[in-house]
Amino acid sequence: MASGSWTLEIEFSVQASRIFKAAVLDWHSLAPKVVPEFVVSGVVLEGEGGAGSVRQLNFSPAVPFGYVKERLDFVDVGKLECKQTLVEGGHIGSKLETASTHFKFEPKAGGGCVLKVVSTYKFLPGVEDNDGEIVKSKETLTGIMKAAEAYLVANPSAYP
């Protein structure tokens with residue numbers, strides 16, 4: 001079984017703590033507002049939003065699968081980082097055995113921040129790595145994160 005990973009860095013003009021709260025901690029609530037063409041609803045299924053919590057995002061027909069359930073394995077609000085693992089939905093069971101993503105927001109000296117992402121995955125037997133899907137994953141993640149940033153810029157009192 002093949003496994004792999006990819007990394008990505010995204011720069012933001014907004015404060016790291018704001019984008020962390022919006023795009024990580026409250027993403028299940030914010031996503032349907034900022035990317036309704038992709039996410040139609042989200043809910044916390046278990047827990048209170050911290051480590052160990054499980055949340056579900058339900059997608060529109062524009063996404064090739066109907067939903068994902070993700071577990072927040074690690075959340076450190078002080079360090080602005082978290083790790084989440086897909087537990088159901090998405091490509092889990094059809095292409096992937098496992099998939100997890102680590103997010104770390106780092107403040108920049110002149111303001112704003114940089115998000116550093118490391119995504120790791122393990123394919124099911126017989127499934128090959130596809131660079132096109134990695135590129136699409138990076139583009140999609142960048143697009144939704146930039147939508148969260150645009151929301152924060154337009155709503156400066158949101159997620160203080």
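**Tour of the model: rings, sheet, helices**

Start with the rings: searching the whole structure turns up four aromatic pairs. Keep in mind that this is a predicted model.

Select Phe59 and Phe65. Their rings form an edge-to-face pair, with centres 5.8 Å apart and planes at 75°. Are the two partners buried or exposed? Phe59 has 17% relative accessibility, so it counts as buried. Phe65, at 23% relative accessibility, counts as partly exposed. The cut-off for buried is under 20%.

Next, select Tyr121 and Phe123. This aromatic pair is also edge-to-face. The centre-to-centre distance is 5.2 Å, and the planes stand at 70°. Both Tyr121 and Phe123 are buried.

Now pick Phe12, Phe20 and Phe105. Ring pairs link these three into a cluster.

**The sheet**

Switch to a cartoon view and colour by strand. In what order do the seven strands lie? The order is 1-7-6-5-4-3-2, in an open sheet with antiparallel pairing. Strand 1 (3-12) and strand 2 are the edge strands, each pairing on one side only. Look along the sheet: from one strand to the next, the twist averages 20°.

Zoom in on strand 6 (residues 96-107) and strand 7 (residues 113-123). They pair in the antiparallel sense, over 11 bridges. Select Ser100 and look across to strand 7: Thr120 stands opposite.

**Helices on the sheet**

Show helix 1 next. Which strands does helix 1 lie across? They are strand 1, strand 3, strand 4 (67-76), strand 5 (81-89), strand 6 and strand 7. Helix 1 runs at about 160° to strand 6.

Then add helix 3. This helix packs on the sheet and touches strand 1, strand 6 and strand 7. The directions of helix 3 and strand 1 make an angle of about 30°.

**Helix 2**

Last stop: helix 2, residues 27-34. Which of its residues are buried? Select Trp27, His28, Leu30, Ala31 and Val34. Turn the view to look down the axis. The buried residues cover an arc of only 165° around it, which means that they sit on the same side of helix 2.

Now show what surrounds that set. The buried residues of helix 2 pack against two helices and two strands: helix 1 (16-25), helix 3 (131-154), strand 2 (39-46) and strand 3 (54-59). Strand 2 is already familiar from the sheet, as one of its edge strands. Helix 1 has also appeared before, lying across strand 3 among others.

Methods. Residues are numbered from 1 along each chain as its sequence is written. This is a predicted model: local features need pLDDT of at least 70, side-chain atom pairs count only at pLDDT 80 or more; totals for chains, interfaces and linings use all residues. Side-chain values use heavy atoms; hydrogens and water are left out. Buried means under 20% relative accessible area, exposed over 50%, partly exposed in between (1.4 Å probe, protein chains only). Helices (H or I, at least four residues) and strands (E, at least two) are DSSP runs, numbered from the N terminus. The arc is that of the directions from the helix axis to the C-beta atoms. Contact means heavy atoms within 4.5 Å. Two strands pair if DSSP finds at least two bridges between them. Axes are lines fitted to C-alpha atoms, for helices over the stretch in contact, and angles run from 0 to 180 degrees between N-to-C directions. Rings of Phe, Tyr and Trp (its six-membered ring) pair if their centres lie within 6.5 Å; planes under 30 degrees apart count as stacked, over 60 as edge-to-face and the rest as tilted.
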